[in-house]
Amino acid sequence: MSTRAQIVIEDLEAIKLYKHCDGYPAGVLPVLEPCVEAFLKRRGWDPEYLLARLVMAFGLAEERHRQAMKAHPILGERYRHPETTGYGLSGEWYADIEWVYRVRRDGTVKVRRTKEGWWDAAGKEEDALWERHTRLLTGEEVAERQKAQWAEEERKAMRAFYGLEEEVLCAASTIP
């Protein structure tokens, strides 16, 4: 069973980024947070462009994961053909999501877990549906749900990709 999530950006609530698999914090935040941080640092607040960059960031992370898995002797067979349903953009809240991420103007990400009754509520057109039918996680709860070795490796790779790790940039630099 997949762990589905939707990501919404403040000031652009009409469009949600849907993630079909690995929507729990360890599967989302290591990609989401470095992308948002780098984007805001370089461009400032621009929700439409940020959403486009998030789609690209998750695609990059998925491709890197797919390439690593292809070499795996047991799991490699599963990754021969690219997935076409892993991500989507929607104007609707999906009824089967378990996690909601809200990117705020200041770059913070609020993590929410859906409650019982989401299926009944999802068909209704309400502005703050995600607030009433989800529970905001505390910082400690989010940190606990990210305790996976691969999640930390993903976060480091994404931070390096965006040039957010000075040590990585200095070590790789060939400019005198």
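Two strands count as paired if DSSP finds at least two bridges between them. Keep that rule in mind for the close-ups below, which come from a predicted model.

**View 1. The whole protein, to get your bearings.**
Before zooming in, here's the parts list: the protein has seven helices and six strands. Walk along the sequence and they turn up in the order β-β-α-α-β-β-β-α-α-β-α-α-α. Of the 176 residues in the protein, 41% are buried.

**View 2. Strands S4 and S5 make a hairpin.**
Here S4 covers residues 99–103 and S5 covers residues 109–114. The two strands run antiparallel and are joined by five bridges, so they pass the pairing rule of at least two bridges. Look for Tyr101, which sits opposite Val111 in S5. Between the two strands of this hairpin there are five residues. Gly107 has a positive phi near 90° in this hairpin. While you're tracing a strand, here's a handy rule: in a regular strand the side chains alternate between the two faces of the sheet.

**View 3. S5 has another partner, S6.**
Now follow S5 across to S6, which is residues 134–136. This pair is antiparallel too, with three bridges joining the strands. Which residue is the bridge partner of Arg113 in S6? That's Arg135. Hang on to Arg135, which is back in View 6 with a salt bridge to Glu141.

**View 4. A salt bridge ties helix H6 to helix H1.**
A quick reminder before you look: side chains of opposite charge can pair when their charged atoms come close. Searching the whole structure turns up nine salt bridges. One of them joins Arg155 and Glu33, with the closest N and O atoms 2.7 Å apart. The two partners come from distant parts of the chain, 122 residues apart: Arg155 belongs to H6 (residues 149–161), while Glu33 belongs to H1 (residues 25–42). Is Arg155 buried or exposed? Arg155 has a relative accessibility of 15%, so it counts as buried, the cut-off being under 20%. Glu33 has 29%, which makes it partly exposed.

**View 5. A salt bridge between Asp46 and Arg43.**
In this pair, the closest N and O atoms of Asp46 and Arg43 are 2.9 Å apart. Asp46 is buried, at 17% relative accessible area. Its partner Arg43 is partly exposed, at 46%. While you're here, find Gly44, which comes just after H1 and has a positive phi of about 85°.

**View 6. Arg135 reaches Glu141.**
Here's Arg135 again, the residue that bridges to Arg113. The side chain of Arg135 meets that of Glu141 in a salt bridge, 3.2 Å from N to O. How accessible are the two partners? Arg135 is partly exposed at 37%, and Glu141 is partly exposed as well, at 27%.

**View 7. Helix H1, end to end.**
With 18 residues, H1 stretches 25 Å from its first C-alpha to its last. That's close to the 26 Å expected at 1.5 Å a residue. Why call H1 largely enclosed by the rest of the structure? Because 13 of its 18 residues are buried. If you want to see which side chains point the same way, remember that an α-helix has 3.6 residues a turn, so look three or four places along.

**View 8. A nonpolar patch on the surface.**
Three residues, Ile15, Val55 and Leu89, make a nonpolar surface patch of about 240 Å². Ile15 comes from the loop between S1 (5–9) and S2 (16–19). Ile15 is partly exposed, with a relative accessible area of 34%.

**View 9. Two aspartates with a positive phi.**
Most residues other than glycine have a negative phi. Asp11 has a positive one, near 75°, and you'll find it in the loop between S1 and S2. Asp11 is partly exposed, at 41%. Asp22 also has a positive phi, near 55°, this time in the loop between S2 and H1. Asp22 is partly exposed too, at 38%.

**View 10. Cysteines, but no disulfides.**
How many disulfides does the structure hold? Zero. Two cysteines to look at are Cys21, which is partly exposed at 34% relative accessible area, and Cys35, which is buried at 1%.

Definitions and conventions
Residues are numbered from 1 along each chain as its sequence is written. This is a predicted model: local features need pLDDT of at least 70, side-chain atom pairs count only at pLDDT 80 or more; totals for chains, interfaces and linings use all residues. Side-chain values use heavy atoms; hydrogens and water are left out. Helices (H or I, at least four residues) and strands (E, at least two) are DSSP runs, numbered from the N terminus. A salt bridge is a side-chain nitrogen of Lys or Arg within 4 Å of a carboxyl oxygen of Asp or Glu. Buried means under 20% relative accessible area, exposed over 50%, partly exposed in between (1.4 Å probe, protein chains only). Patches are made of residues with over 30% relative accessible area and no salt bridge: like charges are joined within 9 Å, nonpolar side chains (Val, Leu, Ile, Met, Phe, Trp, Tyr) within 5 Å. Accessible areas come from the Shrake-Rupley method with a 1.4 Å probe; for residues, only the protein chains shown count as cover. A disulfide is a pair of cysteine sulfur atoms within 2.5 Å. The expected span of a helix is 1.5 Å times one less than its number of residues.
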